[in-house]
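Colleague: I am new to this model and would like the reasons behind the words used for it. Could you go through them with me?

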Amino acid sequence: MADLYTVNKSPFEKNSLEDVIRFSGEGASILFIEDGVYGAMAGTAVSDLVANATGRKFYVLGPDLKARGIAEDRLIDGVELVDYAGFVDLVVENDKVQAWL
Amino acid sequence: MKLAVQVNEGPYQHEASDSAYHFTKAALEKGHEVFRVFFYHDGVLNGTRLTTPPQDDRNIVERWVALAEKYDLDLVLCVAAAQRRGIVDEGEAERNGKDATNIAPKFRISGLGQLIEAAIQSDRLVVFGD
């Protein structure tokens, strides 16, 4: 079974996105919340990190994306949009939840 | 499923209190049990009833209280973190010789053991903070 990691800081503020991609195992799920949602945007200096990470699934919290005025069509391909109920489902589906603060 | 939530950040700071609240609410609405919400570090500032945000802003403290009343949530403030930040209930006021209390209804002050117990008793622990 797999682990869920939450990333809540912008990749332009902290290295947590880079770290979580490096340290998470195959099959991990990574959820972008709060300022972390900037990591889910296509066409940025760090979007290749996400696009090239194999064996991991990426999710982004829709309300936090909307709060920052980021349209869904600006997401990196393959990043799945979830709401808070979807966040709860991810917590239930995975064995452990680690906040990558 | 039984969930526990930990909040490490004060309200109106960044977004952790909001995220934790919306996550907890969504979990309860989906029928999951939330064993406890534990407020640690600046997170204890979620539990003062003296908070008075502008009228057109969300009242984070009252929102927790309302959720706790609806679902009988256990909202626990870390005692050492609360003492440092001046969050006081009647017991703490008496013990430390303070002239007032400010803890919000439905919140209680207790030890770090409550966090450990919540982690042991629950299937998942979800942490929000900086």
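The exchange below takes up the sheets, the overall form of one chain and the contact between the two chains.

Colleague: What kind of model is this?

Modeller: It is a predicted model.

Colleague: What makes β4 and β5 of chain A edge strands?

Modeller: The sheet of chain A is open and has five strands, in the order β4-β3-β2-β1-β5. Strands β4 (80–82) and β5 (96–99) of chain A each have a single partner strand, so one side of each is left without a neighbour in the sheet. Neighbouring strands of this sheet are turned by 25 degrees against each other on average, direction ignored.

Colleague: How do you know that β2 and β3 of chain A pair?

Modeller: Pairing requires at least two bridges between two strands. Strand β2 (residues 29–32) and strand β3 (residues 57–61) of chain A have four bridges, in the parallel sense, so by that cut-off they count as paired. In one of these bridges, A:I30 has A:F58 of β3(A) as its partner.

Colleague: Which order do the strands of the chain B sheet take?

Modeller: The order in chain B is β4-β3-β2-β1-β5, again an open sheet of five strands with parallel pairing. Its edges are β4 (107–110) and β5 (124–128) of chain B, because each has a single partner strand. On average, neighbouring strands of this sheet are turned by 25 degrees against each other, direction ignored.

Colleague: What makes β1 and β2 of chain B a pair?

Modeller: Six bridges join β1 (residues 2–7) to β2 (residues 33–39) of chain B, and the two run parallel. The cut-off is at least two bridges, so the strands pair. Within this pairing, B:L3 stands opposite B:V34 of β2(B).

Colleague: Why would α5 of chain B be called roughly antiparallel to β2(B)?

Modeller: Helix α5 (residues 113–121) of chain B runs at about 155 degrees to β2(B). Angles over 145 degrees count as roughly antiparallel, so the term applies. This helix lies across β1, β2, β3 (75–78), β4 and β5 of chain B.

Colleague: Why is chain B called as compact as a globular protein of its length?

Modeller: Chain B has five helices and five strands, which follow one another from the N terminus as β-α-β-α-β-α-α-β-α-β. Its radius of gyration is 14 Å, close to the 14 Å that the globule rule gives for 130 residues, so the description holds. The C-alpha trace of chain B spans about 40 × 35 × 30 Å along its principal axes, and buried residues make up 43% of the 130 residues.

Colleague: Why is α4(A) called roughly perpendicular to α1(B)?

Modeller: The axes of α4 (residues 84–93) of chain A and α1 (residues 16–29) of chain B come within 8 Å and cross at roughly 75 degrees. Angles of 65 to 115 degrees count as roughly perpendicular, so this crossing qualifies.

Colleague: Which residues meet there?

Modeller: From α4(A) come A:Y84, A:A85, A:F87 and A:V88, which meet B:H22, B:F23, B:A26 and B:A27 of α1(B). Seven of the residues in this contact are nonpolar, one is polar and none is charged.

Colleague: Which element gives the most to the side of chain A that touches chain B?

Modeller: The whole contact takes 11 residues from chain A and 18 residues from chain B. On the side of chain A, α4(A) gives the most, with six residues. The residues of that side divide into 10 nonpolar, no polar and one charged.

Note on methods
Residues are numbered from 1 along each chain as its sequence is written. Chains are lettered from A and ligands numbered from 1 in the order in which they are written. This is a predicted model: local features need pLDDT of at least 70, side-chain atom pairs count only at pLDDT 80 or more; totals for chains, interfaces and linings use all residues. Axes are lines fitted to C-alpha atoms, for helices over the stretch in contact, and angles run from 0 to 180 degrees between N-to-C directions. Two residues are in contact if their C-beta atoms, placed from the backbone, lie within 7 Å. The radius of gyration is taken over C-alpha atoms; the globule rule is 2.2 Å times the number of residues to the power 0.38. A residue is buried if 20 or more other C-beta atoms lie within 10 Å of its own, exposed if 12 or fewer, and partly exposed in between; C-beta atoms are placed from the backbone. Ala, Val, Leu, Ile, Met, Phe, Trp, Tyr, Cys and Pro count as nonpolar, Asp, Glu, Lys and Arg as charged, and the others, Gly among them, as polar.
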